[in-house]
Amino acid sequence: MQPLISIIMGSTSDLPVMEKAAKFLDEMEVPFEINALSAHRTPSEVEAFAQGAAARGLKVIIAGAGMAAALPGVIAASTTLPVIGVPIKGMLDGLDALLSIVQMPPGIPVATVGVNGAQNAAILALEMLALSDADLAERLCRHKSGLKNKIVKANEALAAEQYKYKTN
């Protein structure tokens, strides 16, 4: 299988967050790769990865990082592929990482999801790919319908709950 999406994290300590993206991509049957590369500890490897990503057939990169959170921006600086940044909660409840990823200079965009939002990053990546893949678009549509059904069932369960002063 040729990976379409690459999940990159600053270190394997980020895996508990980033595996949510991996699990969703697996569930949606989309080939991906997952690696740890550090913008600060392995900068030449990050640059080589980013520069060669498109030639290897990758379509979207999901990059997660905490604290200084330079990884998504460093990758975006060396590729024309879309990069989705996942700020990882560390210090300051992840606000430091969020601001580091969001505040990119003109010409180096990084799409950014919420703190620890790796699953949303995977969904966004698939929405990008689904623009030219009808089968994937249909799988995403089914997934979103499932989200609706989950809330409908939850609301039905709430209706059955009994409280002395509940009016519905």
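This text walks through a predicted model, from its sheet to its surface and its salt bridges.

Start with the sheet. Five strands build an open sheet, and their pairing is parallel. Read across, the order is β2-β1-β3-β4-β5. The edges are β2, residues 32–36, and β5, residues 111–112. Each of these edge strands pairs on one side only.

Two helices can be placed against this sheet. Helix α1 spans residues 15–27 and packs on the sheet. Its contacts are with β1 (5–9), β2, β3 and β4. The direction of α1 makes about 170° with that of β1. Helix α4, residues 95–102, also packs on the sheet. Here the strands touched are β3, β4 and β5. The direction of α4 makes about 160° with that of β4.

Now look at the pair β3 and β4. Strand β3 covers residues 60–66, and strand β4 covers residues 83–88. The two run parallel and are joined by six bridges. Gly 64 has Val 86 of β4 as its bridge partner. Ala 65 stands opposite Pro 87, again in β4.

How many residues of β4 are buried? Six of the six are, so the strand is largely enclosed by the rest of the structure. The cover is on both faces. Val 83, Gly 85 and Pro 87 are buried on one side. Ile 84, Val 86 and Ile 88 are buried on the other.

Turn to the surface. Met 67, Met 91, Leu 92, Leu 95 and Leu 99 form a nonpolar patch there. Together they have about 530 Å² of accessible area. Met 67 sits in the loop between β3 and α3 (71–77). Its relative accessible area is 48%, so Met 67 ranks as partly exposed, between the 20% and 50% limits.

Next come the charged pairs. Side chains of opposite charge can pair when their charged atoms come close. The model has four salt bridges. One of them links Glu 33 and Arg 56, with the closest N and O atoms 2.7 Å apart. Glu 33 lies in strand β2, while Arg 56 lies in the loop between α2 (43–52) and β3. The pair therefore ties together parts that are 23 residues apart in sequence. Is Glu 33 buried or exposed? Glu 33 counts as buried because its relative accessibility is 14%, under the 20% limit. Arg 56, at 36%, counts as partly exposed.

Another salt bridge joins Lys 89 to Asp 93. The closest N and O atoms of this pair are 3.7 Å apart. Lys 89 is partly exposed, at 48% relative accessibility. Asp 93 reaches 56%, which means that it counts as exposed, the limit being over 50%.

The walk ends in helix α6, residues 134–160. Glu 138 and Arg 142 meet there in a salt bridge, at 3.7 Å from N to O. Why are these two separated by about one helical turn? Because they are four residues apart in helix α6. Glu 138 is partly exposed, with a relative accessible area of 40%.

Lys 148 lies in α6 as well. Lys 148 is exposed, with a relative accessible area of 58%. Its C-alpha atom is separated from that of Ala 134 by 21 Å. Along the chain, Lys 148 and Ala 134 are 14 residues apart.

Notes: Residues are numbered from 1 along each chain as its sequence is written. This is a predicted model: local features need pLDDT of at least 70, side-chain atom pairs count only at pLDDT 80 or more; totals for chains, interfaces and linings use all residues. Side-chain values use heavy atoms; hydrogens and water are left out. Two strands pair if DSSP finds at least two bridges between them. Contact means heavy atoms within 4.5 Å. Axes are lines fitted to C-alpha atoms, for helices over the stretch in contact, and angles run from 0 to 180 degrees between N-to-C directions. Patches are made of residues with over 30% relative accessible area and no salt bridge: like charges are joined within 9 Å, nonpolar side chains (Val, Leu, Ile, Met, Phe, Trp, Tyr) within 5 Å. Accessible areas come from the Shrake-Rupley method with a 1.4 Å probe; for residues, only the protein chains shown count as cover. A salt bridge is a side-chain nitrogen of Lys or Arg within 4 Å of a carboxyl oxygen of Asp or Glu. Buried means under 20% relative accessible area, exposed over 50%, partly exposed in between (1.4 Å probe, protein chains only).
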